[in-house]
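Biologist: Could you walk me through this one? I would like to hear how its pieces fit together.

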Amino acid sequence: MSDRPEERWLDEDAGPIVPAYLLTRGRTVPASEAIDLIAVIITSGGLTTPRGLDPEHLIILQKCTQPTRLVDVAAELNLPIGVIRVLVGDLHARRLVQVEHPPPAPDAKVLLEVISGLKAL
């Protein structure tokens, strides 16, 4: 591979390579709020595509027309979860997606009672 700058960002099979931090412009924290890994994302916008969005934002909007977990979005786009959190945070701040947080985990005492009940069966 050559050291010429234009060749550093190219892959013969995949085409241009963009480092993940460029997709978020170096940001590591979502614009709206912390988003849980198993939060459910669903597109809330209308039928028209908003202007000024990056291609990755548009792909997320397209993937989330049905309720989709954040981790599944990251897996489908093959991007780090931190990048997806920031991009979904951008969309949430613009009210283009809804973020449904998972219910809180049950208390450990309740879980122990359930286990005891199952053992008693």
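Biologist: Happy to have it in view! How many bridges join strand 3 to strand 4, and do they run parallel or antiparallel?

Modeller: Keep in mind that this is a predicted model. Strand 3 covers residues 40-43, and its I41 stands opposite T68 in strand 4. The bridges joining strand 3 to strand 4 number two, and the direction is antiparallel.

Biologist: Which residue is the bridge partner of V40 in strand 5?

Modeller: Strand 5 spans residues 97-100 and runs antiparallel to strand 3, with four bridges joining them. For V40, the partner in strand 5 is E100.

Biologist: Now the helices. Why is helix 3 called oblique to helix 4?

Modeller: Two packed helices are described by the angle between their axes and the distance between the axes. Here the axes of helix 3 (residues 55-63) and helix 4 (residues 70-77) come within 11 Å and cross at roughly 125 degrees. An angle between 115 and 145 degrees is neither roughly perpendicular nor roughly antiparallel, so helix 3 counts as oblique to helix 4.

Biologist: How many residues of that contact are nonpolar, polar and charged?

Modeller: Helix 3 contributes I59, I60 and K63, while helix 4 brings V73, E76 and L77. Sorted by type, the contact of helix 3 with helix 4 has four nonpolar, no polar and two charged residues.

Biologist: Which element has the lowest mean pLDDT?

Modeller: The protein averages a pLDDT of 77, and 69% of the residues score at least 70. Over residues 4-10 the pLDDT is below 50. Strand 4 has the highest mean among the elements, 92, and the lowest, 47, belongs to helix 1.

Note on methods:
Residues numbered from 1 in each chain as written. Predicted model: local features only at pLDDT ≥ 70, side-chain atom pairs only at ≥ 80, totals over all residues. Heavy atoms only, no water. Axes fitted to C-alpha atoms, helices over the stretch in contact; angles between N-to-C directions. Parallel < 35°, antiparallel > 145°, perpendicular 65-115°, else oblique. Contact = heavy atoms within 4.5 Å. Nonpolar A, V, L, I, M, F, W, Y, C, P; charged D, E, K, R; others polar. pLDDT = per-residue confidence, 0-100. Pairing = 2+ DSSP bridges.
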